[in-house]
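New to this one? Have a look at the fold below, then use the notes to find your way around.

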Amino acid sequence: MRRRDLAAALGAIVLAPAARAAEAAKVIGLLAPAPLRAIDSFKAELHRRGWTEGQNIRFEPRWAGGDDNRYATLAAELAGLPADVILTWSTPAVLAAKRASRTIPIVMGAIADPVGVGAVANLSRPGGNVTGFSTQNYELETKRLELLREFVPGMARIAFLGNTANPYAINALQQLHAMAERGGLKSDSVMLDMPGALESGLAQLMRTHPDAVLVVAAPALFPYRQTIVEFMAQHRVPAIYPFREFAEAGGLIAYATNFDDLFRQAADYVDKILRGTSPGELPVQQAATFELVINQKTAGALGLAIPPLLLARADEVIE
């Protein structure tokens, strides 16, 4: 055998195992607004369970940013690969994934109302190709309104901020307006048509002259958290947010599902599915851990005293 042929043959022998491993790697599609911290918790938990990126799994991320309308195209890309399983974050993401494929397993890392929006038929035995985890956001919106009233006791008018492309946001705003009315509050809402209407939407929000603002749990707003937080600070408006990262960015207060815990549980479901369990046999579970984060520096800048009982209940106080 000539030296060149021998070298080629030896190279093929060395590369063959790596090539086979790459071919055998399971493909996990990630369909979410952005590479948020909980996605890292998901990956770490998968690694703990024996799945290593570049060896037996490959991640295919598709980030929609603040534009929920992109999910249809992104989900179709993942279905076309095809992915072995798709992890979603948000109502528009899972609905787009479900439309893109009726066979690829879909794990909802976080969704507010899976039955109400038609993602699954029921929680205990979802059937089909979709399962996952509910954030209990309707209940959390109620709690956020209560917390905001506790923080701003003189509040008479409140404004709600959501986005148009998320069915959950629309339903949540209806619920919040009814709650505000029962509580003797005047309320207004602004639905942002993302991603192009953020500045005009925030300006519209200020024209309602709110005493405080509640930002609805719409993940499409997450990439714009810094802009939203700085706008509230500029106009000296107290606001409560649905993700802890808003408080870390300078927002006054956040009350949220513990998404790190939720996505670690999602990794358990993905692990089971990759090992042969049907997603329809895994019940949709509800979030059980939540976190209250208060930004003491922002409270001071707004001239607000943090109620002692609220301070005692906080999981984290940012100083």
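What follows is a short tour of the sheets, the helices and a couple of loop residues.

Keep in mind that this is a predicted model. One open sheet has six strands, in the order 2-1-3-4-5-11, and another open sheet has seven, in the order 7-6-8-9-10-12-13. Pairing in the six-stranded sheet is parallel, while in the seven-stranded sheet it's mixed.

**The six-stranded sheet**

- The strands line up as 2-1-3-4-5-11, and they pair in parallel. Strand 2 (57-63) and strand 11 (285-286) sit at the edges with a single partner strand each, so one side of each has no neighbour in the sheet.
- Inside this sheet, strand 3 (residues 85-89) runs parallel to strand 4, and four bridges join the two. Look for Trp-89, which stands opposite Ala-110 in strand 4.
- Helix 2 packs on the sheet, where it touches strand 1 (26-32), strand 2 and strand 3. The direction of helix 2 makes about 160° with that of strand 1.
- Helix 4 packs on this sheet too, touching strand 1, strand 3, strand 4 and strand 5 (130-134). Its direction makes about 165° with that of strand 4.

**The seven-stranded sheet**

- Here the order is 7-6-8-9-10-12-13, with mixed pairing. The edges belong to strand 7 (186-192) and strand 13 (316-318): each has a single partner strand, so one side of each is left without a neighbour in the sheet.
- On average, neighbouring strands of this sheet are turned by 20° against each other, ignoring direction.
- Strand 6 (residues 157-163) and strand 8 run parallel and are joined by four bridges. Ile-158 has Ala-212 as its bridge partner in strand 8.
- Strand 8 also pairs with strand 9 (residues 239-241), in the parallel sense and over two bridges. Val-213 has Ala-239 as its bridge partner in strand 9.
- Moving along, two bridges join strand 9 to strand 10 (residues 253-257), and these run parallel as well. In strand 10, Ile-253 is the bridge partner of Ile-240.
- In a regular strand, side chains alternate between the two faces of the sheet. You can see this in strand 8 (residues 212-215): Ala-212 and Leu-214 point one way, Val-213 and Val-215 point the other way, and all are buried.
- Helix 7 (residues 198-206) lies across strand 6, strand 7 and strand 8. It runs at about 175° to strand 7.

**Helices packing on helices**

- Helix 2 (residues 37-48) packs against helix 10 (residues 259-274) at an angle of about 40°, with their axes 8 Å apart. That angle is why helix 2 counts as oblique to helix 10.
- The crossing of helix 2 and helix 10 is right-handed. On the helix 2 side, the residues that meet helix 10 include Ile-39, Phe-42 and Leu-46; on the helix 10 side, those that meet helix 2 include Phe-259, Phe-263 and Val-270.
- Sorted by class, the contact of helix 2 with helix 10 has nine nonpolar, one polar and five charged residues.
- Helix 3 (residues 71-80) and helix 4 cross at roughly 45°, and their axes come within 8 Å. That makes helix 3 oblique to helix 4.
- Helix 3 passes helix 4 in a right-handed crossing. Helix 3 brings Tyr-71, Ala-72, Ala-75, Ala-76 and Ala-79 to the contact, and helix 4 brings Pro-92, Ala-93, Ala-96, Ala-97 and Ala-100.
- By class, the contact of helix 3 with helix 4 has ten nonpolar residues, with no polar and no charged ones.

**Two loop residues to find**

- Thr-103 is in the loop between helix 4 (91-100) and strand 4 (106-111). Its relative accessible area is 66%, and over 50% counts as exposed, so Thr-103 is exposed.
- The C-alpha atoms of Thr-103 and Leu-185 are separated by 47 Å. Along the chain, the two residues are 82 residues apart.
- Gln-136 is in the loop between strand 5 and helix 5 (137-151). Its relative accessibility is 18%, and the cut-off for buried is under 20%, so Gln-136 counts as buried.
- Leaving aside neighbours within four places in sequence, Gln-136 is in contact with Ala-112, Gln-286, Ala-287 and Phe-290.

Technical notes: Residues numbered from 1 in each chain as written. Predicted model: local features only at pLDDT ≥ 70, side-chain atom pairs only at ≥ 80, totals over all residues. Heavy atoms only, no water. Buried < 20%, exposed > 50% of the residue type's maximum accessible area, 1.4 Å probe, protein only. Axes fitted to C-alpha atoms, helices over the stretch in contact; angles between N-to-C directions. Parallel < 35°, antiparallel > 145°, perpendicular 65-115°, else oblique. Left-handed = near helix turned anticlockwise from the far one by under 90°. Contact = heavy atoms within 4.5 Å. Nonpolar A, V, L, I, M, F, W, Y, C, P; charged D, E, K, R; others polar. Pairing = 2+ DSSP bridges.
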